[in-house]
Amino acid sequence: MGRNSKIIPGVDQTLLVKDAALLLPDPARRRFLAGGASLGALTLLTGCDVVDSFSAEDTLKQISKFNDAVQARIFNPNKLAPTYSESMIKRPFPFNAYYTLDEAPDVKAAEYKLELSGMIANKKPWTLDELYKLPQEKQITRHICVEGWSAIGSWSGAKLGDFLKKIGADTSAKYVRFICAEGYTTSLDMPTCFHPQTQMSFKFDDQILPRAYGYPMKIRVPTRLGFKNPKYVVGMEVTNDYMGGYWEDYGYNDYSGL
Ligand SMILES: Nc1nc2c(c(=O)[nH]1)N[C@H]1C(S)=C(S)[C@@H](COP(=O)(O)O)O[C@H]1N2
Ligand SMILES: [Mo]
């Protein structure tokens, strides 16, 4: 962990996060603290580029004003994440996992199947060819990692919410849990799955998703921290049971976004 960690020059991260929490009124403070109170969460909360700039002070100012943007991010589940221009895409985009790139799963297209389980009417597995036929769109958004770095990237793919409807998922269920090729797991609450920017991504920067970024499919969720964006997704389960996940089990709660 932490290979890519960036520290804001002259700023003590722990104190910044503490100060920010003090400035937040409840229930926002409780949600912030429950979610692991990280620099990443602060970036999502304020929309301030706190992780890779000198804007620690601006961030605190933004929170103390508790302006519309902050309120909307906390209380409106449909609020869109900001989008950026092509020229702002980070190349090469950082690779992050709990292992090095040479240990990343090497999923073979011919053998790939997306397995469906739980509260879904049609559990037929999907091949990659079938998935590629879904209508696709592109987003240029900021990926924010709980470890203290962020980067703007471009992802293309299908809306997860449309796919869930297509397979007859029970949308009154609480969660969708994602199972990855190497055993990583995470889950998203149902409203987040139906957020218009939550995507089953097949491409990065207009190219077939490279192995580093989760070939053949990742779930891109610009309104949640990076660890809620599973790569190498091989299974989806619709469920009412909260089952945690790799980072969730370290104490980063289901919230991890706003
Ligand atoms: N399968 C899988 N998905 C994962 C991870 C992982 O280790 N395995 N790491 C998560 C974390 S913490 C981050 S920040 C992003 C990194 O995505 P990137 O390599 O495309 O930058 O993937 C997330 N999804
Ligand atoms: Mo991350």
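Buried means under 20% relative accessible area, exposed over 50%, and partly exposed in between, with a 1.4 Å probe and protein chains only. The model is predicted: local features need pLDDT of at least 70, side-chain atom pairs count only at pLDDT 80 or more, and totals for chains, interfaces and linings use all residues. Residues are numbered from 1 along each chain as its sequence is written, chains are lettered from A and ligands numbered from 1 in the order in which they are written, and side-chain values use heavy atoms, with hydrogens and water left out.

**Exercise 1. Classify Glu-130 and Phe-194 by accessibility, and locate each in the fold.**

Step 1. Glu-130 belongs to helix 6, residues 128-132; helices (H or I, at least four residues) and strands (E, at least two) are DSSP runs, numbered from the N terminus.

Step 2. Glu-130 is partly exposed because its relative accessibility is 30%.

Step 3. Phe-194 lies in the loop between helix 8 (190-193) and strand 6 (199-204). Its relative accessible area is 28%, so Phe-194 is likewise partly exposed.

Step 4. Distances in space complete the picture. The C-alpha atoms of Glu-130 and Lys-113 are 9.9 Å apart, with the two positions 17 residues apart in sequence numbering. For Phe-194 and Lys-159, 35 residues apart along the chain, the C-alpha separation is 8.0 Å.

**Exercise 2. Describe the surroundings of ligand 1.**

Step 1. Ligand 1 sits in the largest cavity. On a 1 Å grid over the protein atoms alone, a cavity is a set of points where a 1.4 Å probe fits but cannot get out; a molecule sits in it if more than half of its atoms lie within 2 Å of its grid points.

Step 2. There are 22 residues around ligand 1, and Pro-94, Asn-96, Glu-182, Asn-229 and Lys-231 come nearest (a residue is near if one of its heavy atoms lies within 4 Å). The shell divides into 16 nonpolar, 4 polar and 2 charged residues.

Step 3. Consider the polar contacts (pairs of N or O atoms within 3.5 Å). An oxygen atom of ligand 1 is 2.9 Å from a backbone N or O atom of Asn-96. A nitrogen atom of the ligand lies 2.8 Å from a polar side-chain atom of Glu-182, and a polar backbone atom of Asn-229 is 2.9 Å from a nitrogen atom of ligand 1. The protein covers 99% of the 540 Å² of accessible area that ligand 1 has on its own.

**Exercise 3. Determine how many residues of helix 3 are buried, and what follows the helix.**

Step 1. Helix 3 (residues 39-46) is mostly covered, with 8 of its 8 residues buried. Among them are Leu-39, Ala-41 and Thr-46.

Step 2. Gly-47, just after helix 3, has a positive phi of about 75°.

**Exercise 4. Identify backbone features at Pro-92, Pro-216, Asp-205 and Tyr-232.**

Step 1. Arg-91 and Pro-92 are joined by a cis peptide bond with omega of about -5°; Pro-92 is in the loop between helix 5 (68-75) and strand 1 (115-118). A cis peptide bond also joins Tyr-215 and Pro-216, where omega is about 5°.

Step 2. Asp-205, which is not glycine, has a positive phi near 55°. Asp-205 occupies the loop between strand 6 and strand 7 and is buried because its relative accessible area is 16%.

Step 3. Tyr-232, also not a glycine, has a positive phi of about 50°. It lies in the loop between strand 8 and strand 9, and its relative accessible area of 0% makes Tyr-232 buried.

Methods
Polar contact = N/O pair within 3.5 Å; in protein donor to acceptor, adjacent residues only side chain to side chain. Areas by Shrake-Rupley, 256 points an atom, 1.4 Å probe, with all protein chains shown as cover. 1 Å grid on protein atoms, 1.4 Å probe; cavity = no way out; pocket = protein on both sides within 12 Å on 5 of 7 lines; lining within 4 Å. Nonpolar A, V, L, I, M, F, W, Y, C, P; charged D, E, K, R; others polar.
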